[in-house]
Amino acid sequence: MITSELFLRDIKMFDVPEPKTKNRNESKWDRWGSSQWTYFADEIKQRINFFLFQRLRGNNIEVGGGWYLSYPDSAVVDLSSVCLNHNPAKEKLQFDLDIIGEGKKLPYKDNSFNSATLISVWQYLQHPKAVLGELERILKPGAEIYLINGQGAGPKECVVGRSRTEGLQEFFQELGYDTLVENIPDISGSVSEFQSVCVAMPDVDLFGDAPSRIQNKAQRKKQDEEICQDSSIFINAYVDWEMRNIVARLSKLSSFPVTRYSQEYLEKIETFSQKYHEQTGGIPLIFMEYSFEPELAMLTKEYKSFYGMMFFIGSTEKVDNYSETADEMLKKYELGFTRHLNYFKQPTTTCLIEYCAEFKLKKEDYWSGTNGNETELRRFAVFISSLGLNSFTRKLQAQVYDRLQPNVPDLDEQIQRQRAFGYKMATYEHKQKRNIDELIDVKKRIAEDGVPIVETRKLDYVPILPMLRQFIK
Ligand SMILES: C[S@@+](CC[C@H](N)C(=O)[O-])C[C@H]1O[C@@H](n2cnc3c(N)ncnc32)[C@H](O)[C@@H]1O
């Protein structure tokens, strides 16, 4: 019963209304794309971005980009307006590439772009030869087209012959274009699941038209062979690149303001906690897991980005008795926290502290945790490394740490790891967005709008970097 209810709820999430458009093709892609296309996972998309970043220069045209932008300096063309709405590109064009088969042209001048990228698109086109003709017109002589596809696409999804490397290569070679296949290794080290077929446009030289020829082909082939032998060459370079991206962002928040609004908000949480304790004797634990300090410090009336959690410690019976009081008080203080029961198995803080003092490490504490299950030790490390939002929590965090520390030799490392995970959550790219970019923007707006601040703090991110690097890998 429960399973089927959950299942129905999940389906509803993706059950987007049929868009109002007469073009059936557009309607189909709008519908698929509006649940935000997740054909390739974020981390694969990021490695594709890195692959292209190493190769592209100047302006690019991203054909069938959907909501995905693989190279910053790109104009994106797509059929689906819903997908394009999500796309962060500056220049976007809604266009049905199939009408090129009827003689229509893309609205760009000849020789406009330095390259074209098509990521999981070619197999869906009705008139690929006509589209190729248009691309050749709008690309500069000698420009390269990159067609990147996962090699696992099934026959139901597309015209397989044009989604796989061999089919793509054959298509372009038969038309006289020079091509080059390159691999984009998986983070696990496997190569050949994601491949790029690069196609060179005909060139011009001193004597006039010159045939299509991939630049530095022999050297690039050799590099690809090396990567196939040892994919860590690619993966390490990717991790370095991603770390440079992250550090560039973190450095923009190396000092950050604490707004008066944030301070008042914390004071409100403290007052609420004390009043709740007075009325019920219960201890509310309020904290932000996987914390990233600026999220809490830069709150403004318009902008609130943090997700605090509230747990009540105490016997279930006692907490249950006071749940109405808690709800009323949370409402009164306008604290949008959801209430949870015990975070720890122990029913009282005294029991918890005693438990930590006698804590014995078990083998399971170092299991990575199947199905994402937390081990007991990890749960303590998460609690200690969280931002405590009231004095009850901060005191308990210190006590848990003191009691646990003699029993867990690598406790500090575990805590550091959890802190780094908070940084990962803030800096990592999900659906073309990173939380940290929004925070950088908020910092700018706070300065520009003269939002009252109480102090400026430093973000000490350097010690976290080695751990953060491990998470990217
Ligand atoms: C599999 S999705 C890939 C999207 C994006 N490149 C990515 O990797 O996330 C295919 C994309 O091609 C677009 N598309 C399909 N047929 C098209 C057409 N005839 N004209 C323009 N775009 C089209 C779809 O709207 C969709 O965004």
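Two strands pair if DSSP finds at least two bridges between them. Helices and strands here are DSSP runs numbered from the N terminus, helices being H or I with at least four residues and strands E with at least two.

Now the model. This is a predicted model, in which local features need pLDDT of at least 70 and side-chain atom pairs count only at pLDDT 80 or more, while totals for chains, interfaces and linings use all residues. Residues are numbered from 1 along each chain as its sequence is written.

The chain has 18 helices and 15 strands. Of its 473 residues, 33% are buried. A residue is called buried if 20 or more other C-beta atoms lie within 10 Å of its own, exposed if 12 or fewer do, and partly exposed in between, with C-beta atoms placed from the backbone. On contacts: two residues are in contact if their C-beta atoms, again placed from the backbone, lie within 7 Å. Among contacts between residues at least 6 apart in sequence, 69% join residues at least 24 apart.

I will start with strand S2, residues 74–78. S2 is mostly covered, with five of its five residues buried. On one side these are Ser-74, Val-76 and Asp-78, and on the other Ala-75 and Val-77, so to speak a covered strand on both faces. Which strands does S2 run parallel to? Strand S1, residues 60–63, is joined to S2 by four bridges, and the two run parallel. Strand S3, residues 91–94, is also joined to S2 by four bridges, again in parallel. Ala-75 is a useful place to look: Ile-61 stands opposite Ala-75, and in S3 the bridge partner of Ala-75 is Glu-91. From S2 the chain passes through helix H4, residues 81–86, to S3, and this β-α-β crossover is right-handed. Right-handed is meant in this sense: with the strands pointing away from the viewer, the path from the first strand over the helix to the second runs clockwise.

Next, the ligand. The ligand is surrounded by 21 residues, and the closest are Trp-29, Gly-64, Gly-66, Leu-79 and Leu-97. The criterion is a C-beta atom, placed from the backbone, within 6 Å of the molecule. Helix H2, residues 24–34, gives the most to this shell, with three residues. By type, the shell divides into eleven nonpolar, seven polar and three charged residues. Nonpolar covers Ala, Val, Leu, Ile, Met, Phe, Trp, Tyr, Cys and Pro; charged covers Asp, Glu, Lys and Arg; the others, Gly among them, count as polar.

Two helices now, H5 and H6. An α-helix has 3.6 residues a turn, so residues three or four places apart point the same way. In H5, residues 128–138, the buried residues are Val-131, Leu-132 and Leu-135. They lie on the same side of H5 because they cover an arc of only 100 degrees around the axis. The arc is that of the directions from the helix axis to the C-beta atoms. These buried residues of H5 pack against strand S4, 113–119, and strand S5, 139–150.

In H6, residues 165–174, Leu-168, Phe-171 and Phe-172 are buried. Their arc around the axis is only 85 degrees, which puts them on the same side of H6. What covers them includes S5, strand S6, 179–184, and strand S7, 194–200. The face of H6 turned away from the buried side carries the exposed residues Glu-166 and Glu-174. After H6 comes Gly-176, with a positive phi near 90 degrees.

Some loop residues. Most residues other than glycine have a negative phi. Ser-120 is not a glycine, yet has a positive phi of about 55 degrees. Ser-120 is in the loop between S4 and H5. Is Ser-120 buried or exposed? Ser-120 is buried, because 21 other C-beta atoms lie within 10 Å. Ser-192, in the loop between S6 and S7, also has a positive phi, of about 80 degrees. With 13 C-beta neighbours inside 10 Å, Ser-192 counts as partly exposed. Lys-109 lies in the loop between S3 and S4, and counts as exposed because it has 9 C-beta neighbours inside 10 Å. The C-alpha atoms of Lys-109 and Ile-138 are 6.1 Å apart, with their positions 29 residues apart along the chain. To put that spacing exactly, Lys-109 and Ile-138 are 29 residues apart along the chain.

Last, a sheet further along. Four strands form an open sheet in the order S13-S12-S11-S14, with mixed pairing. Strand S13, 339–340, and strand S14, 387–388, stand at the edges with a single partner strand each, so one side of each has no neighbour in the sheet. Strand S11, residues 283–288, and S14 run antiparallel and are joined by two bridges. In S14, Gly-388 is the bridge partner of Phe-287.
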